[in-house]
Amino acid sequence: PFDMTKKYIIFLDEVNRGKPEMMQCIMDLTLNRKLNGRNLPPHTRIIGAMNPIKDGYYQVEELDPAFLDRWNVYDLLPSKEEWIDWASDSGVHSLVIGFISKYKDYLDTPSGSKHSTQEVLPSRRSWVRVSDILNLHEDLLSDEATLHSIMEGIVGTLANSAFNKYMKEVKTAVSGD
């Protein structure tokens with residue numbers, strides 16, 4: 001940002017995945033309010049996001065107390081119901097919303113479970129990818145084998161099998177109409 005009269009937001013994602021050299025740059029940015037030796041405009045706000053350390057699922061670094069002391073820190077943990085509300089407003093495919101509404105435990109990676117870091121597990125992001133595919137390729141709903149193969153690589157075996165079972169339930173369900 002060069003215009004000292006404007007307001008800016010600098011958003012730093014995945015802050016706790018940075019290498020020590022990157023953390024030094026971020027420290028200079030937050031402490032001295034400089035970027036590459038240039039002063040930031042006075043109305044610049046710096047926002048950072050990071051993944052939780054405690055669940056053990058992400059490869060992240062614990063942050064230095066002096067670094068953390070320069071930030072306001074808030075945990076943002078939307079509930080499963082809040083995710084469903086967001087998904088409904090954001091065009092997430094109705095099958096994904098219906099499945100997660102019925103089987104909420106499949107929304108996130110199981111916490112505390114012993115799993116390989118190479119194992120594919122469901123996440124909020126992966127369900128949005130499934131939705132994007134279904135929204136773009138509705139014809140996959142009639143090609144269960146292909147859809148099953150695609151989803152295996154996105155949400156993993158257990159969630160994929162449960163979703164497949166759910167789709168069969170929806171197809172054979174009798175409606176109130």
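**Salt bridges and the packing of helix α7**

K80 and D105 form a salt bridge in which the closest N and O atoms are 3.7 Å apart. This pair links distant parts of the chain, with K80 in helix α3 (residues 80-89) and D105 in the loop between α4 and α5, 25 residues apart. The model is predicted, and a search of the whole structure finds 5 salt bridges. The points below take up three of these pairs, including K80 with D105, and then turn to helix α7.

**Salt bridges**

- Side chains of opposite charge can pair when their charged atoms come close.
- Within the pair K80–D105, K80 counts as partly exposed because its relative accessibility of 23% is not under the 20% limit for buried residues.
- D105, by contrast, is exposed, because its relative accessible area of 63% is over 50%.
- A salt bridge also joins the side chains of R124 and D108, with an N to O distance of 2.7 Å.
- This pair likewise links distant parts of the chain: R124 belongs to helix α5, D108 lies in the loop between α4 and α5, and the two are 16 residues apart.
- D108 counts as partly exposed, at 23% relative accessibility.
- R17 forms a salt bridge with E14, and the closest N and O atoms of this pair are 3.9 Å apart.
- R17 is partly exposed at 40% relative accessibility, and E14 is partly exposed with a relative accessible area of 29%.

**Helix α7: extent and burial**

- Helix α7 covers residues 157-172, 16 residues in total, and its first and last C-alpha atoms are 23 Å apart.
- That span is close to the 22 Å expected at 1.5 Å a residue.
- The buried residues of α7 are A159, N160, A162, F163, N164, Y166 and M167.
- These buried residues pack against three helices, namely α4 (94-102), α5 (124-136) and α6 (144-155).

**Contact between α6 and α7**

- The axes of α6 and α7 come within 8 Å and cross at roughly 145°.
- The crossing of these two helices is right-handed.
- On the α6 side, the contact is made by E144, L147, H148, M151, E152 and V155.
- On the α7 side, the contributing residues are T157, A159, N160, F163, N164, M167, K168 and K171.
- Classified by residue type, the contact of α6 with α7 comprises 6 nonpolar, 4 polar and 4 charged residues.
- Among the α7 residues in this contact, A159, N160, F163, N164 and M167 are also buried.

Key: Residues numbered from 1 in each chain as written. Predicted model: local features only at pLDDT ≥ 70, side-chain atom pairs only at ≥ 80, totals over all residues. Heavy atoms only, no water. Helix = DSSP H or I, 4+ residues; strand = E, 2+ residues; numbered from the N terminus. Expected span 1.5 Å × (residues − 1). Buried < 20%, exposed > 50% of the residue type's maximum accessible area, 1.4 Å probe, protein only. Contact = heavy atoms within 4.5 Å. Axes fitted to C-alpha atoms, helices over the stretch in contact; angles between N-to-C directions. Left-handed = near helix turned anticlockwise from the far one by under 90°. Nonpolar A, V, L, I, M, F, W, Y, C, P; charged D, E, K, R; others polar. Salt bridge = Lys/Arg side-chain N within 4 Å of Asp/Glu carboxyl O.
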